[in-house]
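Hi everyone, thanks for making time for this. Please have the viewer open, and we'll walk through the structure together, one place at a time.

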Amino acid sequence: MIKVNFNAIEKKWQRKWAEGKVFEVKEDKKKKKKFYVLEMFPYPSGAGLHMGHALNYSIGDIFARFKIMQGFNVLHPMGFDSLGLPAENAAVKAGEHPKKYTEKAIKNYVKQMKNLGLSYDWSRMVSSHQPEYYKWDQWIFLKMFEKGLAYKKESPVNWCSKCNSVLANEQVHDGKCWRHEDTNVEVKHLVQWYLKITDYAEELADFKGLSEWPDLIKKLQKNWIGKSYGAEILFEINNEKWPIFTTRPDTLFGVTFMVVSAQHSKLFDLVIDDKKKDVEKFVKKLSSVSKEDIDKLDKEGVFTGSYAIHPLTKEKIPIYAGNFVLADYGSGMVMAVPAHDQRDFDFAKKYGIDIKEVISGGEIKKNAYTDKGKLINSGEFDGIESDEAKKKITKLLRKKKLGGEVINYRLRDWLVSRQRYWGAPIPIINCEKCGEVSVPEKDLPVELPDKVKFGKGNPLDSAEKWKKVKCPKCGGDAKRETDTLDTFVNSSWYFLRYCDSQNNKKIFDLKKVDYWAPVDFYIGGKEHACMHLIYSRFYTKFLRDLGLLKISEPAKKLFNQGMLHGEGGEKMSKSKGNIVLPETISKKYGIDTARLFLVSVASPDKDIDWSEKGINGSLKFVKKVFEYFNDVKIGKSSASSESKLNKTIKGVTEDIENLKYNLAIIKLRQLFENFKEEENNETLESFLKMLSIFCPHIAEELWEKLGNNGFISLSEWPKCNEKKINKKLEMAEQTVDKTVSDVMNILKIVSDKGGKFEKVYIYVMPFEKEYFDEILIGERVGKEVKIFSVQDKDKYDPEGIAKKSKPGKPGIFVE
């Protein structure tokens with residue numbers, strides 16, 4: 001077999017693409033329709049890329065190349081999410097400054113990505129650690145501050161001792177830090193910066209503009225936002241009115257206790273002296289303020305010694321501090337109806353609290369009755385159905401000015417301040433006289449100081465020279481805010497900066513962003529559903545409201561890629577020693593072979609395992625293609641070959657559009673297997689064009705070998721001429737494919753029973769025989785194959801199988 005110097009071919013075409021600026025694009029409203037392809041930008045780890053990353057980026061690259069060849073003006077950029085705690089921790093561990101460490105990692109990433117043959121417009125690259133980028137993070141923050149959407153408050157927060165920083169609720173998983181899965185999260189009361197994402201809760205709960213997003217993502221976001229309809233009821237506690245939200249005002253007469261969040265800022269105002277020790281001991285046990293984690297806890301509580309007054313019956317209701325109520329959900333207190341809520345029922349049984357039935361229709365000895373029914377033990381509302389009772393009770397409360405209808409959301413405001421160095425500084429100056437003052441726009445960006453001390457707490461606290469400034473309002477002594485912004489802030493709008501990444505005067509040019517946005521095809525993991533993918537939607541809507549965008553959603557189509565596991569199905573990791581590096585694979589097989597293999601195994605949204613056997617199969621195919629194009633003679637086409645070609649063009653085009661890359665590759669291989677020693681130029685060129693999106697370097701080389709000028713990457717995608725597709729031939733090929741499948745099933749059954757066989761005999765109708773090729777079918781089933789017409793007098797048919805053959809269903813015999 002021919003020896004192919006993959007490395008030389010890859011370097012040659014990567015150089016030519018760069019020199020020709022092949023993938024650099026500009027706005028072109030008149031000639032071409034735009035198409036924006038984007039993979040989520042990565043954190044540049046010092047370890048570099050592995051083949052799992054290569055799979056992710058190849059998915060986008062294949063589609064971008066496809067769209068370029070279809071005549072679209074394709075924006076396909078790349079950048080780096082280069083701020084954040086992982087980079088800071090890794091740099092400190094390596095004894096380097098985060099900036100130096102990060103820029104070295106980015107340089108390596110860019111080199112690796114170029115070696116993968118990715119069609120990025122590198123002239124648009126952004127890195128979030130560069131002041132030219134985070135200047136605009138700060139600018140957006142100030143716009144939110146101006147409009148009351150950025151604010152500071154004291155509240156219970158999740159604290160990771162390893163990060164030495166707070167975490168947003170979305171960053172706590174099962175009571176552990178999302179970065180440090182072995183570290184329990186603590187609860188602290190701190191003054192922090194928040195973004196008022198809840199002001200956009202109603203819009204975020206509307207998914208009409210996301211018809212091409214996966215249903216799973218929309219479901220996860222819907223649950224996270226948690227829109228619910230109900231009533232707000234005022235309970236009097238210590239001469240103060242507390243608004244309590246409930247979705248079941250029909251159960252108001254069944255309230256037998258109240259539960260206040262054990263993390264509530266006013267908790268100890270409710271605790272009487274002789275209960276103080278009990279409550280303090282209870283509060284110390286808490287480990288998270290995340291709703292996801294609270295839902296999984298055993299429900300526990302402690303009596304505060306205080307009572308609420310029922311708004312209608314005026315009964316005294318005991319107040320417990322509980323571990324299952326969020327401090328910032330509604331008022332941070334809930335009314336408990338144990339007869340009709342299972343959580344409340346379990347809590348009441350545990351602590352010996354009264355259970356009062358107010359909805360008829362169920363048995364409440366062992367479990368709560370949570371369905372609807374007629375009211376009982378509810379005074380004037382007895383006998384009324386639940387739905388009607390909700391309205392009537394709420395109407396009475398409204399009349400007495402003790403409540404009314406409300407919509408509530410589970411979504412909480414986004415905690416964005418971090419007590420770490422490697423983040424965008426929050427552009428606020430703290431003045432004793434003026435309070436929190438915005439840094440003037442002309443002074444942006446507020447740059448991170450280079451000289452800081454790492455090791456204890458927030459390094460910016462030790463940067464005295466950097467901290468001390470004059471107040472922009474009064475001119476007096478003041479101090480900079482030393483918290484930095486969560487890295488998810490940087491990634492909430494980066495896709496817009498790509499539209500005009502070199503603009504130093506504005507966040508972006510409105511005409512340019514209007515041309516490119518939204519992203520047409522966005523690729524990233526489903527784990528970002530309730531973090532980046534909600535935050536980016538929030539930012540898009542806010543920037544729209546500033547008049548900077550005409551769009552309301554960041555991306556038209558979202559695609560969640562599968563994961564590449566190590567051989568044997570284990571997750572790739574350093575500790576397991578099963579990480580597969582692109583450099584190693586490129587040297588051994590060629591990067592095009594790897595790209596082909598990665599998308600051949602399964603649909604790109606499915607998890608796959610790395611396989612040396614699998615990639616060797618792809619290598620064999622690639623070498624066969626090279627060998628064929630080295631020896632092929634240019635000749636005329638036949639009606640049969642034209643039919644096969646156009647059928648393949650149609651099928652491959654549909655498969656690529658539907659992201660069924662694996663099926664497209666099967667069709668390409670089938671077309672190739674049908675090539676003769678002599679083929680016409682159109683067939684050969686069309687095959688290479690379709691192959692080029694998977695194997696760009698090899699396709700460019702063979703394109704040039706056929707005598708073409710220019711790049712195959714910029715050539716026109718082949719068009720299907722449906723008139724040339726022979727339906728009869730197509731049906732015959734389907735019969736052949738089905739026959740091969742039947743043969744494989746028979747061979748498996750025989751093998752499972754311990755049988756041995758060497759030959760396969762197939763009996764077809766006389767008019768079908770011309771479509772059955774003994775050699776090709778033999779290669780596909782891995783056995784010697786003989787094809788007979790059922791009317792062949794000399795056929796070998798010891799068991800009379802030919803008699804059972806039917807049109808489209810040949811008889812099969814193995815021995």
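Let's begin at Asn 377, in the loop between α11 (342–351) and α12. Its phi is near 50°, a positive value in a residue other than glycine. Most residues other than glycine have a negative phi, and most peptide bonds are trans. At 44% relative accessibility, Asn 377 counts as partly exposed, because exposed would need over 50%. Before going on, please keep in mind that this is a predicted model.

Which other residue shows a positive phi although it is not a glycine? Try Lys 314, with a value of about 65°. You will find Lys 314 in the loop between β11 (301–309) and β12 (316–322). Lys 314 is exposed, at a relative accessible area of 53%.

Lys 314 also belongs to a positive surface patch, together with Lys 392, Lys 395, Lys 399 and Lys 400. Of these, Lys 392 sits in helix α12, which covers residues 386–399. Lys 392 is partly exposed, with 39% relative accessible area. There is a negative surface patch to look at too, formed by Glu 758, Asp 773, Glu 774, Glu 779 and Glu 784. Glu 779 is placed in helix α26, residues 774–781.

Now let's zoom out for a moment. The chain has 815 residues, and 55% of them are buried. Its secondary structure comes to 26 helices and 30 strands. Taken along the principal axes, the C-alpha atoms fill a box of roughly 105 × 70 × 50 Å.

One helix I'd like you to find is α5, residues 131–146. How far apart should its ends be, at 1.5 Å a residue? With 16 residues, α5 should span 22 Å, and its end C-alpha atoms are indeed 22 Å apart. Of those 16 residues, 13 are buried, so α5 is largely enclosed by the rest of the structure. Just after α5 comes Gly 148, with a positive phi of about 80°.

Next, charges that pair up. Side chains of opposite charge can pair when their charged atoms come close. How many salt bridges does the count come to? The answer is 47, and I've picked a few to visit.

Start with Glu 96 and Lys 104, where the closest N and O atoms are 3.0 Å apart. Is Glu 96 buried or exposed? Glu 96 is buried, because its relative accessible area is 19% and buried means under 20%. Its partner Lys 104 is partly exposed, at 49%.

Then look at Lys 218 and Asp 215, a salt bridge with its closest N and O atoms 3.8 Å apart. These two are three residues apart in helix α7 (residues 215–225), which means that about one helical turn separates them. Lys 218 counts as buried at 16% relative accessibility, while Asp 215 counts as exposed at 61%.

For another kind of pair, go to Lys 588 and Glu 612, whose side chains meet in a salt bridge at 3.6 Å, N to O. This pair links distant parts of the chain: Lys 588 is in helix α18 (residues 582–589), Glu 612 is in helix α20 (residues 612–631), and they are 24 residues apart. Lys 588 counts as exposed at 53%, and Glu 612 is partly exposed at 27%.

Salt bridges can also be joined up here: Glu 203, Arg 537, Lys 541, Arg 544, Asp 545 and Glu 553 are linked in a network of them.

Two peptide bonds deserve a look as well. The bond from Leu 444 to Pro 445 is cis, with omega near 0°. Pro 445 is in the loop between β18 (435–438) and α13 (464–467). The bond from Ala 517 to Pro 518 is cis too, again with omega near 0°. Where is Pro 518? Look in the loop between α16 (510–516) and β22 (519–523).

One last stop: Thr 198, in the loop between β7 (186–195) and α6 (201–204). Thr 198 counts as partly exposed, at 25% relative accessibility. Thr 198 and Ile 225 are 27 residues apart in sequence, and their C-alpha atoms are 8.9 Å apart in space.

That's my tour, and I'm happy to take questions.

Note on methods
Residues are numbered from 1 along each chain as its sequence is written. Side-chain values use heavy atoms; hydrogens and water are left out. Patches are made of residues with over 30% relative accessible area and no salt bridge: like charges are joined within 9 Å, nonpolar side chains (Val, Leu, Ile, Met, Phe, Trp, Tyr) within 5 Å. Accessible areas come from the Shrake-Rupley method with a 1.4 Å probe; for residues, only the protein chains shown count as cover. A salt bridge is a side-chain nitrogen of Lys or Arg within 4 Å of a carboxyl oxygen of Asp or Glu. Lys and Arg count as positive and Asp and Glu as negative; His and the chain ends are not counted. The place of a charge is taken as NZ of Lys, CZ of Arg, CG of Asp or CD of Glu. Helices (H or I, at least four residues) and strands (E, at least two) are DSSP runs, numbered from the N terminus. Buried means under 20% relative accessible area, exposed over 50%, partly exposed in between (1.4 Å probe, protein chains only). The expected span of a helix is 1.5 Å times one less than its number of residues.
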